[in-house]
Amino acid sequence: MRSWLTYTAARLALFAGAFGVVYLFGARSWIALILAWVISGLASYVLLSKWRDQMSASVVDWSNKREKQDKAVGSRLVGGAAREDEIQDELLRAQEAEAAAAAEAEKNGEKPAREAEKDDKEAPEAEGTRK
């Protein structure tokens, strides 16, 4: 980050210096801005190449670190989604097994397990209300 600030400050200083020189030579308005921009661009290409390379390296390092962080977050999200899928699959298998057991019990003429549990719970209440 520091290299970016250094390079940008140097570019602005070169532009200001080039604008001052162009202005002293009599260029005004848009022409002075355009000439200063061209002159400072050429000067920065030659004079600031070392700082530009440092800035480029720091940007690449930052980008690589960011990419690694994004991959880590992505793998955590994928892992969490996989665990969620496993839980949902287990619940679905349990529901299917329960439904199959209920169908088998109904086929044999028995009450399904859930209805039997409901009857057992309701029976004491019904007896208590009769007294």
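The accessible surface of this protein comes to about 11,000 Å², and 61% of that is supplied by carbon and sulfur atoms. Please keep in mind that this is a predicted model.

On burial: of the 131 residues in the protein, 11% are buried.

Now the fold. The secondary structure consists of 4 helices and 0 strands, so the order of elements from the N terminus reads α-α-α-α. As for contacts, take those between residues at least 6 apart in sequence: 49% of them join residues at least 24 apart.

I will spend the rest of the time on helix H2, which covers residues 29–47. Two residues there are worth setting side by side.

Start with Leu33, which sits in helix H2. Is Leu33 buried, exposed or partly exposed? Its relative accessibility is 35%, and therefore Leu33 counts as partly exposed. Leu33 also belongs to a nonpolar patch on the surface. The other members of that patch are Trp30, Ile34, Trp37, Val38 and Leu42. Together with Leu33, they have about 700 Å² of accessible area.

The second residue is Ser40, also placed in helix H2. Ser40 counts as buried, because its relative accessibility is 3%, and the cut-off for buried is under 20%. Which residues does Ser40 touch, leaving out those up to four places away in sequence? They are Leu14, Phe15 and Ala18.

To recap helix H2: Leu33 is partly exposed at 35% and is part of the nonpolar patch, while Ser40 is buried at 3% and touches Leu14, Phe15 and Ala18.

How values were computed: Residues are numbered from 1 along each chain as its sequence is written. This is a predicted model: local features need pLDDT of at least 70, side-chain atom pairs count only at pLDDT 80 or more; totals for chains, interfaces and linings use all residues. Side-chain values use heavy atoms; hydrogens and water are left out. Patches are made of residues with over 30% relative accessible area and no salt bridge: like charges are joined within 9 Å, nonpolar side chains (Val, Leu, Ile, Met, Phe, Trp, Tyr) within 5 Å. Accessible areas come from the Shrake-Rupley method with a 1.4 Å probe; for residues, only the protein chains shown count as cover. A salt bridge is a side-chain nitrogen of Lys or Arg within 4 Å of a carboxyl oxygen of Asp or Glu. Helices (H or I, at least four residues) and strands (E, at least two) are DSSP runs, numbered from the N terminus. Buried means under 20% relative accessible area, exposed over 50%, partly exposed in between (1.4 Å probe, protein chains only). Contact means heavy atoms within 4.5 Å.
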